[in-house]
Amino acid sequence: MVNPAEHTDTKNPTADRMPKLVCFDLDYTLWDCCIYNNLTPPIKRKGDAVNTLYDRHGTELAFYREVPDVLAELKKSSIHIAAASRTHAPDLAREALGLLLVPLEKGSSKIAKAITFFQTMEIYPGSKLRHFKSIHAKTGIPYSEMLFFDDESRNKEVEQLGVTMHLVRNGVDRSTFNKGVIEWRKRNGK
Ligand SMILES: [Mg+2]
């Protein structure tokens, strides 16, 4: 698991507790791009190229380098993966997730569409309070069991629901993910 064991208190038996649900924003959290502003349809994949798409003008879309491993490890641990985006191009965002290919496990040649990793997706403009209320309604998972990664501090408002949001700088990578987990554990007394 993406378990920052080296940072945890080994005397604490619950130190390796993980949230039941991890949710990711899309733009500048999972990929280095604003779908609405930077991409022009149609978007295409070259053959079975892993983690790379191109738009009409050849602009590339890809998850940040360590994102596929983080997603694969969450899936392996049966942690519910969600996406919450307020993009004004929701159809294009979904299409991109449906086209992007990522390894099923780290280093594996078995690949899957990125969209298959996301059990719940809330992709539409507006306050992310709405996105999280919908995620909660659909999954029944308590807000306190949700860890959220997003690059925009205004979306911290979801913390009033009890969600833990970790602010992302320069996209999600393993280190950022681990810091989020540690924050979630502290917040929830784990
Ligand atoms: Mg964003």
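How many salt bridges does the structure hold? There are 15 salt bridges. A few of them are taken up below, after the sheet and the metal site. Keep in mind that this is a predicted model.

Start with confidence. The protein chain has an average pLDDT of 93. A score of at least 70 is reached by 92% of the residues. One stretch stands apart: over residues 5-14, pLDDT stays under 50. For that stretch the model has 7 contacts beyond four places in sequence.

Now the sheet. It is open and has 5 strands. Their order is β7-β4-β1-β8-β9, and the pairing is parallel. β7 (120-123) and β9 sit at the edges, each pairing on one side only. From one strand to the next, the twist averages 20°.

Work outward from β1. On one side, β1 pairs with β4 (residues 80-85) in the parallel sense, over 4 bridges. Within this pairing, L21 has H80 of β4 as its bridge partner. Helix α2 (residues 67-76) packs on the sheet here and touches both β1 and β4. The direction of α2 makes about 155° with that of β1.

β1 also pairs with β8, again in the parallel sense and over 4 bridges. Here F24 has F149 of β8 as its bridge partner. β8 in turn pairs with β9, parallel, over 4 bridges. L147 is matched there with T164 in β9.

Is β8 mostly covered or mostly open? It is mostly covered, with 5 of its 5 residues buried. M146, F148 and D150 point one way from the strand. L147 and F149 point the other way. Both groups are buried.

Next, the metal site. Which residues coordinate the magnesium ion? They are D25 (OD), D27 (O) and D151 (OD), at 2.1 to 2.2 Å. Along the chain, the donors follow the spacing D-x1-D-x123-D. D25 and D151 come from distant parts of the chain, 126 residues apart. D25 lies in the loop between β1 (21-24) and α1 (35-38). D151 lies in the loop between β8 (146-150) and β9 (164-167). D25 counts as buried because its relative accessibility is 5%, under the 20% cut-off.

Back to the salt bridges. Side chains of opposite charge can pair when their charged atoms come close. E66 and R65 form one such pair, with the closest N and O atoms 3.5 Å apart. R65 counts as exposed, at 72% relative accessibility. E66 is partly exposed, with a relative accessible area of 23%.

E159 takes part in two of the bridges described here, one with K156 and one with R187. The closest N and O atoms of E159 and K156 are 3.8 Å apart. For E159 and R187, the N to O distance is 3.0 Å. E159 and R187 link distant parts of the chain, 28 residues apart. E159 is in the loop between β8 and β9, while R187 is in helix α5 (residues 174-187).

How accessible are these side chains? E159 counts as partly exposed at 22% relative accessibility. K156 is also partly exposed, at 30%. R187 is partly exposed as well, with a relative accessible area of 42%. Which residues are linked in a network of salt bridges? The network joins K156, E159, E183 and R187.

Definitions and conventions:
Residues numbered from 1 in each chain as written. Predicted model: local features only at pLDDT ≥ 70, side-chain atom pairs only at ≥ 80, totals over all residues. Heavy atoms only, no water. pLDDT = per-residue confidence, 0-100. Contact = heavy atoms within 4.5 Å. Donors = N, O, S within 2.8 Å, 3.2 Å for Na, K, Ca; no water. Helix = DSSP H or I, 4+ residues; strand = E, 2+ residues; numbered from the N terminus. Buried < 20%, exposed > 50% of the residue type's maximum accessible area, 1.4 Å probe, protein only. Pairing = 2+ DSSP bridges. Axes fitted to C-alpha atoms, helices over the stretch in contact; angles between N-to-C directions. Salt bridge = Lys/Arg side-chain N within 4 Å of Asp/Glu carboxyl O.
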